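Reader: I have a sequence and a model open. Walk me through its side chains, please.

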Amino acid sequence: MATLHLLSHSPFADSRLASCLQLLSAEDALLLTGDAVYALQAGTAQRQALELMPGSIALFALEEDVVARGLATLPERLQAIDYAGFVELCCRYDRTNAWL
């Protein structure tokens with residue numbers, strides 16, 4: 001069963017991102033929202049970890065949060081989505097796991 005993993009907390013505040021990355025399966029997806037989009041900052045270990053994920057794992061970010069935080073240089077594999085896309089992802093995957 002494919003799972004959509006939702007992260008919203010800063011990757012610099014705790015280890016949720018690292019824990020999530022260890023549990024991702026081949027058909028899962030990761031959606032970054034809120035301060036979790038800071039993981040996309042160029043030159044960080046968090047960005048490198050995202051870029052090293054297997055290609056079968058989809059990477060999404062809420063576009064509004066990316067823009068609000070002024071992030072410009074994003075990974076090629078990243079798919080920016082709006083709120084309608086967020087809802088669609090929740091329906092597409094068998095399960096949703098929010099890393100609260």
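Reader: Is Asp14 buried, partly exposed or exposed?

Author: Keep in mind that this model is predicted. Buried means under 20% relative accessible area, and exposed means over 50%. Asp14 has a relative accessible area of 29%, so Asp14 is partly exposed.

Reader: Which side chain meets Asp14 in a salt bridge?

Author: The N to O distance in this pair is 2.8 Å. The partner counts as partly exposed, at 23% relative accessibility. The partner of Asp14 is Arg16.

Reader: Which residues are linked with Arg69 in a network of salt bridges?

Author: Arg69 forms a salt bridge with Asp35, with the closest N and O atoms 3.0 Å apart. That pair links distant parts of the chain, 34 residues apart. Arg69 also meets Asp65 in a salt bridge, at 3.6 Å from N to O. The network therefore links Arg69 with Asp35 and Asp65.

Reader: Which of the residues Asp35 and Asp65 is buried?

Author: The cut-off for buried is under 20% relative accessible area. Asp35 has 33%, so Asp35 is partly exposed. At 10%, the buried residue is Asp65.

Reader: Which elements each supply at least two residues of the largest nonpolar core?

Author: This core has 19 residues. Leu7, Leu30, Leu32, Leu40, Leu50 and Leu59 touch the most other members. The elements that each supply at least two residues of this core are helix H1 (16–23), strand E2 (29–32) and strand E3 (58–62).

Reader: How many residues are in the second, separate core?

Author: Its members include Ala2, Leu31, Ile81 and Tyr93. The second core has 11 residues.

Note on methods
Residues numbered from 1 in each chain as written. Predicted model: local features only at pLDDT ≥ 70, side-chain atom pairs only at ≥ 80, totals over all residues. Heavy atoms only, no water. Core = buried A, V, L, I, M, F, W, Y, C linked by side-chain atoms within 4.5 Å. Buried < 20%, exposed > 50% of the residue type's maximum accessible area, 1.4 Å probe, protein only. Helix = DSSP H or I, 4+ residues; strand = E, 2+ residues; numbered from the N terminus. Salt bridge = Lys/Arg side-chain N within 4 Å of Asp/Glu carboxyl O.
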